[in-house]
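Subject: Handover of a structure and findings

Dear colleague,

Please find below the structure that I am handing over to you. My findings follow directly after it.

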Amino acid sequence: QDPNSLQVRATAAALEIWGEGEPGREVIAHPVCKGKYRPFSSAKGEQLFGCFRHSAMRKQRIARTGLLDGWASFDQWPPPQPEVEEAQPETTKR
């Protein structure tokens, strides 16, 4: 892997903050959820604050303590719009 790629540099920066030892040689000191974050649930369209496993817990923490320093507001994502079906052009029989 290219040592100057954005992913390698981002990982090294994270390890400097949360890791132990030399950047690039240790792992982040706490388990990291591998669930994918979506701003809104696909089933109900309700706003989520983390993956489907951790959203409720994070929502409670944000309500209690506010956003962490440096976090962007979750309102940055617009709610999903209802899907509009495209009209099919009429076909004429000959």
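Which residues line the second largest pocket? They are G35, K36, R38, F40, S41, S42, E46, L48, G50, C51, F52 and R53. Sorted by class, this lining consists of 4 nonpolar, 4 polar and 4 charged residues. The volume of the second largest pocket is about 170 Å³. Please bear in mind throughout that the model is predicted.

Overall architecture

The protein chain contains 2 helices and 0 strands. Of its 94 residues, 14% are buried. The area exposed by the protein chain is about 8900 Å², and 52% of that area is supplied by carbon and sulfur atoms. As for contacts between residues at least 6 apart in sequence, 19% of them join residues at least 24 apart.

Aromatic pairs

How many aromatic pairs does the model hold? The count comes to 5 aromatic pairs. One of them is formed by Y37 and F74, whose ring centres are 6.4 Å apart; their planes stand at 75 degrees, so the pair is edge-to-face. This pair links distant parts of the chain, since Y37 sits in the loop between α1 (6-18) and α2 (55-65), while F74 belongs to the segment after α2, 37 residues apart. Are these two residues buried or exposed? Y37 is partly exposed, its relative accessible area being 32%. F74, in contrast, has a relative accessibility of 9% and counts as buried, because the cut-off for that class is under 20%.

F74 also forms an aromatic pair with F49. Here the distance is 5.0 Å centre to centre and the angle between the planes is 65 degrees, which is again edge-to-face. Why does this pair tie together separate parts of the chain? F49 lies in the loop between α1 and α2, whereas F74 lies in the segment after α2, so the two parts brought together are 25 residues apart in sequence. Both F49 and F74 are buried.

Taken together, ring pairs join Y37, F49, W71, F74 and W77 into a cluster.

The segment after α2

One further residue deserves mention. P82 is located in the segment after α2. With a relative accessibility of 67%, P82 counts as exposed, because that class begins over 50%. The C-alpha atom of P82 is separated by 9.6 Å from the C-alpha atom of G45, although P82 and G45 are 37 residues apart along the chain.

As you begin with the structure, I would suggest viewing the cluster of Y37, F49, W71, F74 and W77 and then the lining of the second largest pocket, including R38, E46 and R53.

With kind regards

Notes
Residues numbered from 1 in each chain as written. Predicted model: local features only at pLDDT ≥ 70, side-chain atom pairs only at ≥ 80, totals over all residues. Heavy atoms only, no water. 1 Å grid on protein atoms, 1.4 Å probe; cavity = no way out; pocket = protein on both sides within 12 Å on 5 of 7 lines; lining within 4 Å. Points joined across faces, edges and corners; volume = space filled by probe spheres on them. Nonpolar A, V, L, I, M, F, W, Y, C, P; charged D, E, K, R; others polar. Helix = DSSP H or I, 4+ residues; strand = E, 2+ residues; numbered from the N terminus. Buried < 20%, exposed > 50% of the residue type's maximum accessible area, 1.4 Å probe, protein only. Contact = heavy atoms within 4.5 Å. Areas by Shrake-Rupley, 256 points an atom, 1.4 Å probe, with all protein chains shown as cover. Phe/Tyr/Trp six-rings, centres within 6.5 Å; stacked < 30°, edge-to-face > 60°.
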